[in-house]
Amino acid sequence: MSHSGNKQLSRYLSDLSAVYTYLGGTERFRAAAYRKAAKVVEALPDDIAIYCKKGTLRRLPGIGESIAQKIEEFNKSGKIGKLEALKKQVPYELLDLLSVSGFGPESLRRLHEELGISTHVHLEQAIKQGKISQLPGFGKQKIENMLRGLKLFKDTANRMLLPDAMALADQVIASLTKIPGVLQAAVAGSIRRRKETIGDIDVIVSCHSKDRAKIAAQFVKEPFVERVIVKGITKVSVIHRPSNRQIDLRIMRENEWGSGLHYFTGSREHNIHLRSLASSRGYRISEYGIFNRRSGKWLGGKTEDDIYRILGMSLMPPEMREDHGEIELSIKHEIPELVDMKDLRGDMHMHSTWSDGMNTPEQMTSYIQKHFRYDYTVLSDHSPASVITHGMNAKQVLKQIEKVRAINRNAGNQFLKTGIEVDILMNGELDMPDEILAQLDWVTASIHRGFTKDNTERLLKACENRYVCCIGHPTGRLIGSRAAYPLNMDELIRKAALTGTALEINAQPRRLDLKDEHIRSAVQAGVKLVITTDAHTYADLHNMEFGIYMARRGWCTKNDILNTQSWKEIEHFRDKKRNGNK
DNA sequence: GCCGTTTTCGGCCCGACTGTTTTCAGTCG
């Protein structure tokens, strides 16, 4: 149950952060400490119980004596007494509003103390009855903003998938580029960091300083602007039509382009860490550049590299900027060269009309050869347990092997490889006999049913089969619709390392499975990964880039990804396991 | 509550915009 524990703990730490945020004053620093700890716990590769057992909690960044104790308590009892006690001192039910635009700690405190409001229902009633407008400082505008915030809070729970956000951002960038005076325009924020889901769209332009007001004025007139939230000379926020997403635009001068892009790319945690590091070394960083702290002299900011270089650090790809240790690596100049689309030599998982794909093997092959520079591709249709997908039985597999050979013969090459996505049954066995699997070039084993139980044992057993080359979409999650099944990822990674089994990075935007932090643990454990599209159509084949992004967010180099290697090397990996890792 | 290339105490990223003020606090990214 690896991650449910971490998730719950992270949630409690966030709650503590919210309580201290509400209490305000100097408690906000305590709040910041808990917020950081919550983030750290959320991103941990191993179950929190393991850190407790090994006594390594204190070594985690942002975890000191006090928080470590609370984590120990959580590990033993599932609760944090301090949180339970604090809940009684604050309008706890209101605190989720802290994340809502229009509500800050001070507003909530006054609503509670001066009007006795302690629930959402109270709040809405009080607004309707006009009670709030009697409070000094709560003018008409402010109340309108609060109402908007509440409305948005109700229907923005789900975030956008990365490709949808990228498409929307491209549209915005195209409009910005056409505005007179705009010199450069780019996407920043979590899109640039290639997070799997996106909240707001962040974009940035550069121009001469005299053009800033003009550009801001033109931007809010664009046809996709539903409503303007803020509009100044350097920043504009609008709601996009019809997506109802917020777009934040920053307007920078030419010399501020790099520092502006850096600031606006984030992450927030990365920026805070870097700025505080800069401060301790006598610098000050803002979106306008890097400055000498004492003299205020501008030292650089035309490029992102300026910022890091002046700090004696090396630049890192946006995908790494989550304050997960990349700053420390950068100080040591040990930023790895991350895997790139151009490194990929083949797709290891795709379907055809032989199961639930939309195109024949021939069609898929010729499409790939036309649009990608791959050296090989693995056909991997479903096995019979996947009834709904018209999975192949043993006889059909043998027939398909003949078919693939014929396709290659006709083409005069060995481009198409034989394979299967074999089902892992409820008991961990596979629904295809070993003697059939032994004849295939590549075998991916996946779970397609039993999503609610703990599937650790099933997956471990599948790894033990010498013909299983790779575990497909290991967690089974579907972003926004199905949670990952309970699974001890640490055990799976250990077993994969031990048995020489690869793990899949499935590039379908709704899967992205494994996800970034699992990828990092796998890499650290020496497990090889494959990036695949799991394509069922031509269009799906183009999802490969999203798998690459996830791999980059997991700090993968080319060497960590098996399908950056020649087919000969892949065979070597496969045969090593088949021959008992000798 | 955390943390240390000035510090084990006293800081904690930094700046823009808004609203309701009348010089600024709150909020946001």
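Q: Which residues of helix 17 are buried in this predicted model?
A: Let's start with helix 17, in a model that is predicted. Buried here means under 20% relative accessible area. The residues of helix 17 that meet this cut-off are V397, Q400, I401, V404, I407 and N408.

Q: Within what arc do the buried residues of helix 17 fall, seen down its axis?
A: Picture yourself looking along the axis of helix 17. The buried residues line one face of the helix, because they fall within an arc of 125°.

Q: Which residues are exposed on the other side of helix 17?
A: We've just seen the buried face, so turn the helix around and check the other side. Exposed means over 50% relative accessible area. On that side of helix 17, the exposed residues are K395, K399, R409 and N410.

Q: What covers the buried residues of helix 17?
A: Look for the elements packed over those residues. Two of them are strands, including strand 12 (376-382) and strand 13 (416-423). The cover also includes two helices, helix 16 (361-371) and helix 18 (434-437).

Q: How far apart are the end C-alpha atoms of helix 17, and why does that agree with its 18 residues?
A: Helix 17 covers residues 394-411. At 1.5 Å a residue, its 18 residues should span 26 Å, counting one less than the number of residues. The model agrees with this, because the end C-alpha atoms are apart by 26 Å.

Q: Which residue has a side-chain oxygen close to the backbone nitrogen of K395, to within 3.2 Å?
A: This contact sits at the start of helix 17. The oxygen reaches to within 3.2 Å of that nitrogen, and its owner is N393.

Q: How many residues of strand 4 are buried?
A: Strand 4 runs over residues 201-207. On one side I201, V203, V205 and C207 are buried, and on the other D202, I204 and S206 are buried too. That makes the buried count seven of seven.

Q: Does strand 2 pair with strand 4 in the parallel or antiparallel sense?
A: Strand 2 holds residues 184-187, and four bridges link it to strand 4. One partnership puts Q184 with S206. The sense of the pairing is antiparallel.

Q: Which residue of strand 7 stands opposite C207?
A: Strand 7 (residues 246-253) runs parallel to strand 4, and seven bridges join them. In strand 7, the residue opposite C207 is R253.

Q: How much of the DNA strand B contact with the protein do sugar and phosphate account for?
A: Of the 44 residues around DNA strand B, R30, S107, G139, R275 and R284 come nearest. Among the atoms of DNA strand B within 4 Å of the protein, the sugar and phosphate share is 76%.

Technical notes
Residues numbered from 1 in each chain as written. Chains lettered and ligands numbered in written order. Predicted model: local features only at pLDDT ≥ 70, side-chain atom pairs only at ≥ 80, totals over all residues. Heavy atoms only, no water. Buried < 20%, exposed > 50% of the residue type's maximum accessible area, 1.4 Å probe, protein only. Pairing = 2+ DSSP bridges. Arc of directions from axis to C-beta. Contact = heavy atoms within 4.5 Å. Polar contact = N/O pair within 3.5 Å; in protein donor to acceptor, adjacent residues only side chain to side chain. Near = heavy atom within 4 Å.
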